[in-house]
Amino acid sequence: MTPELLAALAEARAARRPVVLATRVPTGEQLLLPGPEAPPDLAAAAARALERDESGSVSLAGEEWFLHAYNPPMRLIVVGAVHIGQALVELAGPLGLAATVVDPRRSFAAPERFPGVTLMHDWPDEALDAFRPDARSAVVALTHDPKLDDPALDRALKSPAFYIGALGSRKSHAARLRRLAELGHDAATLVRIRGPVGLPLEAVTPAEIALSILAEIVAVRRNAPLAQRGVEPSGKAVA
């Protein structure tokens, strides 16, 4: 690898920008993708490698390439240091999700309640501005308190986060959508919020609800065929 290519790869990783290092076999020629010099078939193969989070060999136009996918680590932002949040961050680790808990209530977001978890005590909109959710980030709001959940969801909707979920009943979610609409979010944007959050597992306990949320996050991340669930601001169910 040339010093220039190594520097470009390091810069991309520092900026959390997904890239693929493509190596032509057996010549050793290397390209960093996406890039203007890449042939379309190689660029498409690199995009698939990033989408699948998989490195491997491909044969294109009679040539062998090894594609090394460099995706930023997956992140989970949990707004609300509640019991469900405790279960959520515990289950998230084995799935490769680095969790951060956001809650200005320090008695809730305390290290003894979330050992080994990154805690942010800023107001949620400020925390999300600093965190800068990207396409490898999931945001889940759990507090039931509009003063905390709404600012976080407002910022999440302005980001490319691949998953946005909010805890609450259909009635409370409809009210939430009306408030967010008043902040300028249109229907096409609001439908990004998974609410009520999680797959419909009839979950009851905090651990079960956390499991349903993580199952939905995985399903969205892997492009599983899911019905769009939620409610309109009128309170009408969206099937």
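**Exercise 1.** Find how far apart the mean positions of the positive and negative charges of the protein are.

*Solution.* Start with what counts: Lys and Arg are positive, Asp and Glu negative, while His and the chain ends are left out. Next, place each charge at NZ of Lys, CZ of Arg, CG of Asp or CD of Glu. With 26 positive and 28 negative charges, the two mean positions end up 5 Å apart.

A quick note before going on: this is a predicted model, where local features need pLDDT of at least 70, side-chain atom pairs count only at pLDDT 80 or more, and totals for chains, interfaces and linings use all residues. Residues are numbered from 1 along each chain as its sequence is written, and side-chain values use heavy atoms, without hydrogens and water.

**Exercise 2.** Track down the cis peptide bonds at P34 and P196.

*Solution.* Go to L33 first: its bond to P34 is cis, with omega about 5°. Then try G195, joined to P196 by a cis bond with omega near -5°. For background, most peptide bonds are trans.

**Exercise 3.** Work out whether R132 and H144, each with a positive phi, are buried or exposed.

*Solution.* Check the angles: phi is near 55° for R132 and about 70° for H144. Neither residue is a glycine, and most residues other than glycine have a negative phi. Now apply the cut-offs for relative accessible area: buried is under 20%, exposed over 50%, partly exposed in between (1.4 Å probe, protein chains only). R132 has 65% relative accessibility, so it is exposed. H144 comes to 52%, so it is exposed too.
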